[in-house]
Amino acid sequence: MSAADSPVKAVLFDRDGTLVHDVPHNGDPDLVRPVDGAREAVALLRAHGIRVGVVTNQSGVARGLISDGDVRRVNRRIDDLIGPFDVWAVCPHGPDDGCHCRKPQPGLILWAAGRVCAAPADCVVIGDIGADTEAAERAGARGILVPNDRTRPQESAAAAHVAPDLLTAVRALLTGPPTGRILANERPIETAYGPGPASTGPRTADDDGRSGPAQTPSATAPGRGVFRPGDATHRDGGAARGSVVGGRRGRSS
């Protein structure tokens, strides 16, 4: 089946905790470790003509813990190990910067979907926390939660679609959008609801969703420059693997 035959035109992955093991504020490409099945999952989508991208919050840039260049080098390493990806969208702002693209806000999803010429309704977002699936819902896309040991139980309970692992999530999309709450899997269903740290109250995305209020986006692509949405490169479409930095809109969270 080709992308032309399937309602799913693109799959957008969260980065840390979804495609690669989470190393907080990682700026070292040598620390990149793909999760089990990540390479196979991306290759399977590409083989079926479905576009692939990454949407990730990286507040370490705003905090001065890593640089934009560090993010690019890590992204390039992920591209080498798992990709290639058709689009990278990165928000570098902090939790208090008040931006419209930082997950769980929908901006990164909307921008990435536009870069791969797909309507949000034809996109699926796969992530490991509630901010990922909430961003998908706000953008008009579908979200799939793939829990890990940092996913909170209430996030699994609230997700519209849950898969026990990345490859299972992707395989469920090859014939169309997800339709069931618990996607067909190769492991016990209970693994989708594994123990996680107890917590109450909603979380917003901080470094691909760990915690913190919402903010502005920016997309950083391997080997590309950074430009603002109003720049001519962005208005003219540019390369799908380009980068975008959203303008700040105040200090609200």
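## Close-ups of a predicted model

**View 1. Inside the largest nonpolar core.** The largest nonpolar core is made up of 32 residues. Those with the most contacts inside it are Val11, Phe13, Leu19, Ile82, Phe85, Ile126 and Ile144. Several elements chip in with two or more residues: strands β1 (10-13), β2 (51-57) and β4 (123-127), along with helices α1 (38-47), α2 (68-81) and α6 (166-171). Keep in mind that this is a predicted model.

**View 2. Ile82 and the residues it touches.** Which residues does Ile82 touch, leaving aside those up to four places away in sequence? They are Leu19, Val20, Pro34, Ala38, Arg39 and Val42. Ile82 is also one of the residues with the most contacts inside the largest core.

**View 3. A second core.** There is another nonpolar core, separate from the one above, with 21 residues. Among them are Ala10, Ala89, Ala112 and Cys123.

**View 4. Phe13 meets Phe85.** The model has two aromatic pairs in total, and here is one of them: Phe13 and Phe85, sitting edge-to-face. Their ring centres are 6.4 Å apart, with 75° between the planes. Phe13 belongs to strand β1, while Phe85 is in the loop between α2 and β3 (87-91), so this pair ties together parts 72 residues apart in sequence. Are these two rings buried or exposed? Phe13 is buried, at 0% relative accessibility, and Phe85 is buried as well, with a relative accessible area of 1%.

**View 5. Trp88 joins in.** Phe85 also pairs with Trp88, again edge-to-face. This time the distance is 5.6 Å centre to centre, and the angle between the planes is 75°. Phe85 and Trp88 are both buried. Put the ring pairs together and you get a cluster of Phe13, Phe85 and Trp88.

**View 6. A salt bridge between two loops.** How many salt bridges does the structure hold? The count is nine, and this view shows the one between Arg150 and Asp22, whose closest N and O atoms are 2.6 Å apart. Arg150 is in the loop between β5 (142-145) and α5 (153-158), and Asp22 is in the loop between β1 and α1, so the bridge ties together parts 128 residues apart in sequence. Arg150 is partly exposed at 37% relative accessibility, and Asp22 is partly exposed too, at 23%.

**View 7. A bridge along helix α2.** Now for a salt bridge inside one helix: Arg72 and Asp68, with their closest N and O atoms 2.7 Å apart. Both lie in α2, four residues apart, which is about one turn of the helix. Why is Arg72 called buried and Asp68 partly exposed? The cut-off for buried is under 20% relative accessible area, so Arg72, at 17%, counts as buried, whereas Asp68, at 23%, is partly exposed.

**View 8. A bridge along helix α4.** Helix α4 (residues 130-139) holds both Arg138 and Glu134, four residues apart, or about one turn of the helix. The two form a salt bridge, and 2.5 Å separates their closest N and O atoms. Arg138 is partly exposed, with a relative accessible area of 43%; Glu134 is partly exposed at 27%.

**View 9. A salt-bridge network.** Which residues are linked in a network of salt bridges here? They are Asp14, Lys103 and Asp132.

Conventions. Residues numbered from 1 in each chain as written. Predicted model: local features only at pLDDT ≥ 70, side-chain atom pairs only at ≥ 80, totals over all residues. Heavy atoms only, no water. Core = buried A, V, L, I, M, F, W, Y, C linked by side-chain atoms within 4.5 Å. Buried < 20%, exposed > 50% of the residue type's maximum accessible area, 1.4 Å probe, protein only. Contact = heavy atoms within 4.5 Å. Phe/Tyr/Trp six-rings, centres within 6.5 Å; stacked < 30°, edge-to-face > 60°. Salt bridge = Lys/Arg side-chain N within 4 Å of Asp/Glu carboxyl O.
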